[in-house]
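Colleague: I'd love a close look at one part of this model, seen from its side chains. Please pick a single residue as your starting point and work outwards from there.

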Amino acid sequence: MPMLDRRMFLQASAAFGGAFALGAGLAAKAGGAPDPQILTARFTEARIATGGTTPRLMTYDLSGTAGSGVPPVLRMRKGEPYAARLINRLDEPTTVHWHGLRIVNAMDGVPEMTQPYVYPGEGFDYLFTPPDAGTFWYHPHCNTLMQMGSGLTGVIVVENPEDPAFDAEIVLNLRDWRLNASGAFIAPFKPRDAARGGTYGTVRTANWQREPVYDAPAGGLVRVRIAATDVTRIYSIGLEGAAARVIALDGNPVEMPFALDRLDIGPGQRVDLALRMPENEESRATLDNFRGSSPWTIATFRAVGASLKRDLRDINPLPPNPVAEADLSTARRIPIDLTATAEQGVSTSICGTLGYTFWAINKVPWPGDTPDPVAPIEELKLGKSYVLEIANRTPHAHPIHLHGLSFRVLAANKRTVLPPPTDTILLLPDEQAQLALVADNPGDWLFHCHIIEHQKTGMAAYFRVA
């Protein structure tokens with residue numbers, strides 16, 4: 001695909017103007033458009049590796065002010081309009097995708113599919129009303145591996161005034177970095193790893209820190225919001241030194257909170273914990289990753305002050321989000337196979353290509369970010385129910401994410417505990433699952449593996465809801 005010049009950009013901007021007006025109109029109905037937060041994508045530097053400062057880190061900041069390098073936690077309220085103006089101070093195009101939010105299609109942030117590229121020095125206005133409360137996140141959908149791998153991943157908290165009260169809140173943004181010993185970026189992927197489970201980072205962080213320590217009231221109840229924003233790593237999290245219950249997965253409350261033992265979360269997924277802090281001041285609890293042969297600490301929670309003597313049973317379940325339940329008596333079933341594919345030529349793209357094709361959905365590899373990609377997997381009728389019969393035909397795990405819609409896992413051959421409605425499922429090797437959804441949000445919705453090397457080498461497609 002040829003590079004877009006400014007004339008083409010302006011034509012695309014005009015074409016998307018009507019779609020933006022639709023989003024603005026929906027927000028206006030919910031109470032009027034608020035003043036936008038100014039979200040600037042820019043370069044910065046930070047000390048992440050022990051050996052030196054990392055230059056040309058990418059980050060977001062609010063109102064153009066310099067921060068620590070960590071993209072800010074964006075806070076919204078369920079059912080209330082939210083506005084943000086993206087300003088691009090990078091040296092390449094970018095966008096913002098609001099991961100997990102069921103918002104109007106024109107605001108979804110996928111270039112060529114829902115909006116034009118945002119060029120250096122340009123801006124784009126996002127305006128939408130989040131219908132669900134919970135933990136979500138935001139990232140670009142342009143040159144995704146490089147931009148996300150360089151730092152453009154931030155957490156979203158959508159608040160609900162009906163949520164139970166906690167004594168503290170801690171937000172953890174989990175991700176790796178591919179850095180050398182002096183802190184400089186190294187090659188973002190290795191082709192042979194992209195054709196397998198993905199290329200891992202060399203430095204592991206939470207909120208851009210290695211094994212950070214957070215203080216919280218002794219004996220208190222803490223809401224810990226965790227987002228796995230890494231481009232590759234799958235975690236198996238557990239807690240030592242304290243007790244915690246899982247209260248939400250991927251933004252949706254679990255019907256009955258359950259004790260955290262070991263919980264697998266893949267790129268794109270989120271988990272909310274109710275953590276009961278240790279009783280005594282200076283006592284510590286650690287959140288650890290137990291996946292792999294050598295467990296390691298993600299973050300530490302240190303008790304401070306006199307004990308608040310709280311009990312995990314004090315916390316009521318979170319109120320459910322308004323996710324429609326599929327009518328299984330009328331639902332049409334759609335088979336979806338995740339497979340490897342023979343390497344073939346790839347399309348050039350302003351949003352970057354890895355130069356390889358390793359993966360496919362229903363035997364069709366995604367050709368890249370082009371004005372006219374492959375046909376949709378399926379054209380879904382607005383308001384109708386569907387069951388996606390998805391099968392992972394590969395020996396590798398794939399966290400599969402659906403934009404704009406939520407689905408419920410009806411059954412899976414490799415799990416006994418089923419999550420609440422979700423937007424991402426971590427499909428294990430050779431796993432088969434049935435995903436029920438209502439096509440209640442019109443537009444073209446991307447469907448892809450959130451191991452970004454897999455997405456960018458073919459494992460992506462889209463549904464059309466009309």
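**Around D163: charges and rings**

Modeller: Happy to! Leaving aside neighbours within four places in sequence, D163 is in contact with R223, L318 and P319. Please keep in mind that this is a predicted model. D163 itself is found in the loop between β8 (154-159) and β9 (168-177). Buried or exposed, then, is D163 at 18% relative accessibility? D163 counts as buried, because its value of 18% falls under the 20% cut-off.

Of the residues it touches, R223 deserves a second look. The side chains of D163 and R223 are joined by a polar contact of 3.2 Å. Both residues also belong to a network of salt bridges, whose other members are R75, E159, E169, R225 and D272. As a general point, side chains of opposite charge can pair when their charged atoms come close.

From here we can widen the view to other charged pairs. Searching the whole structure turns up 28 salt bridges. In one of them, D61 pairs with R42, and their closest N and O atoms are 2.0 Å apart. This pair links distant parts of the chain, since D61 lies in strand β2 and R42 in strand β1 (residues 37-46), 19 residues apart. D61 counts as buried, at 5% relative accessibility, and R42 counts as buried too, at 14%.

A second bridge joins R333 and E389, with 3.0 Å between the closest N and O atoms. Here again distant parts of the chain are linked: R333 is in strand β20 (residues 332-340) and E389 in strand β23 (residues 385-392), 56 residues apart. R333 is partly exposed, with a relative accessible area of 41%, and E389 counts as partly exposed at 32%.

A third bridge is formed by the side chains of R262 and D261, at 3.8 Å from N to O. R262 counts as partly exposed at 42% relative accessibility, while D261, at 55%, counts as exposed. R262 has a ring partner as well: its charged end sits over the ring of F290, 3.6 Å from the ring centre. A similar arrangement can be found at R56, whose charged end sits over the ring of F43, 4.0 Å from its centre.

That brings us to the aromatic residues. The whole structure holds 12 aromatic pairs, according to the search. One of them is Y60 with Y138: the ring centres are 5.0 Å apart and the planes lie at 45 degrees, so this pair is tilted. Y60 lies in strand β2 (residues 54-62) and Y138 in strand β7 (residues 134-139), so the pair ties together parts that are 78 residues apart in sequence. Both tyrosines, Y60 and Y138, are buried. They also share one aromatic cluster with Y82, W98, F124, Y126 and F128.

If you are following along in the viewer, strand β2 makes a handy landmark. Y60 lies in that strand, and so does D61, the partner of R42. From D163, you can then go back to R223 and follow the network through its members, including R75 and D272.

Terms used: Residues numbered from 1 in each chain as written. Predicted model: local features only at pLDDT ≥ 70, side-chain atom pairs only at ≥ 80, totals over all residues. Heavy atoms only, no water. Phe/Tyr/Trp six-rings, centres within 6.5 Å; stacked < 30°, edge-to-face > 60°. Helix = DSSP H or I, 4+ residues; strand = E, 2+ residues; numbered from the N terminus. Buried < 20%, exposed > 50% of the residue type's maximum accessible area, 1.4 Å probe, protein only. Lys NZ or Arg CZ within 6 Å of the ring centre and 35° of its normal. Salt bridge = Lys/Arg side-chain N within 4 Å of Asp/Glu carboxyl O. Polar contact = N/O pair within 3.5 Å; in protein donor to acceptor, adjacent residues only side chain to side chain. Contact = heavy atoms within 4.5 Å.
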